[in-house]
Amino acid sequence: MCARAAGRELPPDIERLYNGGLYRQAAEALNAAIQREPRESSLHYWLGRCFYELRDYNRAISSLERAIALEPDRSDYHDWLGKAYGRKAQEGNRFTPFTSLSLAHKAHREFEDAVRLDARNLEAQRDLIRYLMNAPGIVGGGDQAAEQQVQALSAVDPVEGALAQAELFVTRKKFDQADQEYQKVLEMKPGRIGVYFEIAEYYRDRGEAERMSEAIAAGAPLAAGDHRLDYYRGIALILEDRAPAEAEADLRHYLDTVPDNANVPSHSTAHEWLGRLYEKEGQLDKAAQEYQAAVSLDPHDKQTSEALKALQKR
C-alpha cells in the first residue's frame with residue numbers, strides 16, 4: 001500500500017522513500033520532520049508504520065501510541081497499533097505468557113476501537129474478526145464473537161463479509177463451505193483487485209491451481225499493471241507444474257518491483273516458492289539459497305525452515 005493511500009499525505013520526499021521500501025531512511029526523515037512539528041500526529045503514525053515494516057515492534061508501538069495521544073479518534077491509528085501489539089505478542093519465547101496475554105488484550109482493544117470509530121474501515125473490521133477467530137477465549141476470542149462481527153461487517157460491505165465468513169470456515173477446516181463462500185464472492189464480480197488475490201491465496205493454500213488461475217484471471221482486468229499479478233501467476237504455474245522459466249521470471253519480477261510490505265505478499269513467501277520450483281527442477285543448491293533467503297526474512301516460518309533442513313540432509 002502506498003503512503004498516500006492510507007490517510008494523511010507525507011512530504012513527497014518521505015513518501016518516495018516509504019513507497020520504495022526504504023523504511024529505515026524514511027524513519028530518519030520522519031524523525032527530522034517530527035523535530036520541526038512534534039505535534040503532527042500523522043508523522044508519528046507513519047514513523048510507527050516504518051518501524052512495523054522493520055519489525056521493530058517496540059518502537060512501532062511507541063510511535064503509534066504517540067499518534068493516538070495527539071489524535072485519538074483516528075480509526076487507522078488504532079488499527080495499526082493493534083497490529084503492532086499482535087505482532088509483538090507473537091514474537092515467541094522473548095516474552096512471558098503473562099506479557100503475551102497482556103499484549104493480546106491490548107490488540108483486541110485497539111481493533112475494537114478502530115471499528116467503533118469507523119465501521120467502514122474494512123481493514124480494521126477484518127483485523128478484529130481475525131483476532132476473534134484465532135484468539136483463545138481468555139483474551140476475548142471465540143466463534144460466537146467472530147460470527148457476530150462477521151454479520152456486522154456484512155451489513156457494511158457484503159463482499160468483505162462473505163470473505164470473512166469464508167476465512168472463518170477455513171479456520172474451522174470447513175472447506176466445502178469455504179468454497180461456496182468464495183464462489184459466491186466471485187459471482188458478485190467485485191471491483192477491488194485485492195478480493196481476487198485473497199481468493200487466489202485460498203486456492204494456493206489448497207493446492208488447487210486451476211481455481212487459483214481462474215481467480216487471478218477474473219481480477220486481472222481491474223489492474224492489469226499491478227505487479228502482484230506476477231506473484232500469483234508464478235505460483236499458479238508452479239502448482240500446475242508447467243512453464244518453470246515463466247514462473248521463475250514472474251516471481252523474480254515481483255521481488256524486483258514490489259517493496260516488501262505488510263500489505264502485499266511477503267518477499268519471504270516468494271523466495272519459498274522459488275525454492276519449491278528449483279527443488280522440483282533438481283536445482284538443489286538454488287533451492288537451498290531461496291529457502292535460506294525466506295528464513296532470513298521470516299525466522300518464524302517453520303515450514304520453510306523444515307524444508308531447508310530436509311534439503312540440507314539430502
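These are my notes on one leucine and a set of salt bridges in a predicted model.

**Entry 1: L103**

I started with L103 and asked which helix holds it. L103 sits in helix α6, which covers residues 97–117. Next I wanted to know whether L103 is buried or exposed. Its relative accessible area comes out at 5%, and buried means under 20%, so L103 counts as buried.

Then I looked up what L103 touches, skipping neighbours within four places in sequence. The contacts left are Y85, K88 and A89. I also checked L103 against D56: the two are 47 residues apart in sequence, and their C-alpha atoms are 15 Å apart in space.

**Entry 2: counting salt bridges**

How many salt bridges does a search of the whole structure find? I got 24. I picked a few to look at one by one.

**Entry 3: R74 and D76**

The side chains of R74 and D76 form a salt bridge, with 2.7 Å from N to O. I looked up the burial of this pair too, and both R74 and D76 are buried.

**Entry 4: K83 and E123**

Here the side chains of K83 and E123 meet in a salt bridge, at 3.0 Å from N to O. What does this pair tie together? K83 belongs to helix α5 (residues 75–89) and E123 to helix α7 (residues 122–134), so the bridge links parts that are 40 residues apart in sequence.

I then checked burial at each end. K83 has 13% relative accessibility, so I put it down as buried. E123 has a relative accessible area of 26%, so I noted it as partly exposed.

**Entry 5: R126 and E167**

I moved on to R126, which makes a salt bridge with E167; their closest N and O atoms are 2.7 Å apart. R126 is in helix α7 and E167 is in helix α9 (residues 158–171), so this pair ties together parts that are 41 residues apart in sequence.

Are these two buried or exposed? R126 is buried, at 4% relative accessibility. E167 is buried as well, at 17%.

**Entry 6: the network**

Last, I asked which residues are joined into one network by salt bridges that share partners. I wrote down D79, K83, E123, R126, D127, R130, D157, E160, E167, R192 and E198. That list takes in K83 and E123 from my fourth entry, and R126 and E167 from my fifth.

Note on methods
Residues numbered from 1 in each chain as written. Predicted model: local features only at pLDDT ≥ 70, side-chain atom pairs only at ≥ 80, totals over all residues. Heavy atoms only, no water. Helix = DSSP H or I, 4+ residues; strand = E, 2+ residues; numbered from the N terminus. Buried < 20%, exposed > 50% of the residue type's maximum accessible area, 1.4 Å probe, protein only. Contact = heavy atoms within 4.5 Å. Salt bridge = Lys/Arg side-chain N within 4 Å of Asp/Glu carboxyl O.
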